[in-house]
Amino acid sequence: MIDDDTDMTIGIPNFRDVGGHETAGGAPVRAGRLFRSVALDRVSDEDLVALERLGLRTIFDLRTREEQARYPDRLPHGATLVSLDVLADQGEADYGAVAAHLREPERHTRGGSASDMERFNVAAYRDLVRLGSARAAYHAFFERLADGGAPALVHCTGGKDRTGWAVAALLLLLGVDEDAIMADYLASHEAVRARFAPMIDDFVARGGERSVIEAMLSAKPAYLRAAIDTMAQDYGSIESYFSTGLGLDDAVPARLRTAFLE
């Protein structure tokens, strides 16, 4: 992640430039090409103007159709919205279960634990690699990004999970070290918890265990590790994930490297 004046002037939670990382080949990832953040439904007028100054061409929204309809993005002028429901194939059951944890904390306190939520999240990160809807969404994301979609911003709800894998997969393809990728992912931890602090406090006030909801809303190494390991187990390499898993033409990774490496 780079630390520049542009990032400092935008108050959107969990907003940052994906550029600035060094790669194994020595070429840094270009700044100003891809940004990440939470959903843009609460963006202030001032931050909307700041986003417009970035010259964004594309906003990638990885949330469910329901999330997008209920909390639509505020778009900067000149940007095209691309809606990609990563978890469409997960069905209603999993989302319903998580929503129940928030609505009925007393029920979850009796029957669950932070460890249960961590296991849920690990499974969800495996789904980011394996679900048909996830593979279709990330196919479209990387194809559009390679085909003149940048400068772009990608987000989900908190900018941590669905967005986290999108960014991690790109950085892996570009040759960024896994330790640096993990550090970038973990940078979402405090920002997401701060964004959802009222939700956490309400959950606790209604009888829920703080450790349970914090496990759900945290960025933990085990979560991203589950996605990386699943990718390696199923496809052997990030290149094979892009070609076999996502069904992308070999020209797409080549164009991404051209667009994103100095």
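This passage describes the helix packing, the aromatic pairs and several local backbone features of one protein chain.

The model is predicted. Its chain has 262 residues, and buried residues account for 51% of them. The secondary structure consists of 15 helices and five strands. Among contacts between residues at least 6 apart in sequence, 72% join residues that are at least 24 apart.

Two helix pairs are considered here. Two packed helices are described by the angle between their axes and the distance between the axes. In the first pair, helix H6 (residues 114-130) packs against helix H13 (residues 221-235) with the axes 8 Å apart and at an angle of about 40°. H6 is therefore oblique to H13, since an angle would have to be under 35 degrees to count as roughly parallel. The crossing of these two helices, H6 and H13, is right-handed. On the H6 side, the contact is made by Glu118, Asn121, Val122, Tyr125, Arg126, Val129 and Arg130. The residues they meet in H13 are Ala222, Tyr223, Leu224, Ala226, Ala227, Thr230, Met231, Gln233, Asp234 and Tyr235. Sorted by class, the contact of H6 with H13 comprises 10 nonpolar, three polar and four charged residues.

The second pair is formed by H7 and H15, whose axes come within 8 Å and cross at roughly 55°. This angle makes H7 oblique to H15. The crossing of H7 and H15 is left-handed. H7 contributes Phe142, Glu143, Leu145 and Ala146 to the contact, and H15 contributes Val252, Arg255, Leu256 and Phe260. Of the residues in the contact of H7 with H15, six are nonpolar and two are charged, with no polar residue.

Aromatic side chains were examined next. A search of the whole structure gives nine aromatic pairs. One of them is Phe15 with Phe35, whose ring centres are 5.4 Å apart and whose planes lie at 15°, so the pair is stacked. Phe15 is in the loop between helix H1 (5-8) and strand S1 (16-17), while Phe35 is in strand S2 (residues 34-37), so the pair ties together parts that are 20 residues apart in sequence. Phe15 has a relative accessible area of 9% and is therefore buried, the cut-off for burial being under 20%. Phe35, at 2% relative accessibility, also counts as buried.

In a further pair, Phe142 and Phe242, the ring centres are 4.6 Å apart and the planes are at 50°, so the pair is tilted. Phe142 belongs to helix H7 (residues 132-149) and Phe242 to helix H14 (residues 238-245), and the pair links these distant parts of the chain, 100 residues apart. Phe142 and Phe242 are both buried. Both residues also belong to one aromatic cluster, together with Phe60, Phe141, Trp165, Tyr235 and Tyr241. Phe142 is thus found in this cluster and in the contact of H7 with H15. Tyr235, another member of the cluster, takes part in the contact of H13 with H6.

Helix H14 holds several buried residues, namely Ile238, Ser240, Tyr241, Phe242 and Gly245. Among the elements that cover them are H6, H7, helix H8 (162-174), H13 and helix H15 (251-260). After H14 comes Gly247, which has a positive phi near 65°.

Other local backbone features occur in loops. The peptide bond from Ala150 to Pro151 is cis, with omega near 0°. Pro151 is located in the loop between H7 and strand S5 (152-155). Asn14, a residue other than glycine, has a positive phi, near 60°. The loop between H1 and S1 contains Asn14, and Phe15 of the stacked pair is in that loop as well. With a relative accessible area of 6%, Asn14 is buried.

A residue with the opposite exposure is Glu46, in helix H2 (residues 45-53). Its relative accessibility is 58%, so Glu46 counts as exposed, the threshold being over 50%. Glu46 and Ile10 are separated by 36 residues in sequence, and their C-alpha atoms are 8.3 Å apart in space.

Conventions. Residues numbered from 1 in each chain as written. Predicted model: local features only at pLDDT ≥ 70, side-chain atom pairs only at ≥ 80, totals over all residues. Heavy atoms only, no water. Axes fitted to C-alpha atoms, helices over the stretch in contact; angles between N-to-C directions. Helix = DSSP H or I, 4+ residues; strand = E, 2+ residues; numbered from the N terminus. Parallel < 35°, antiparallel > 145°, perpendicular 65-115°, else oblique. Left-handed = near helix turned anticlockwise from the far one by under 90°. Contact = heavy atoms within 4.5 Å. Nonpolar A, V, L, I, M, F, W, Y, C, P; charged D, E, K, R; others polar. Phe/Tyr/Trp six-rings, centres within 6.5 Å; stacked < 30°, edge-to-face > 60°. Buried < 20%, exposed > 50% of the residue type's maximum accessible area, 1.4 Å probe, protein only.
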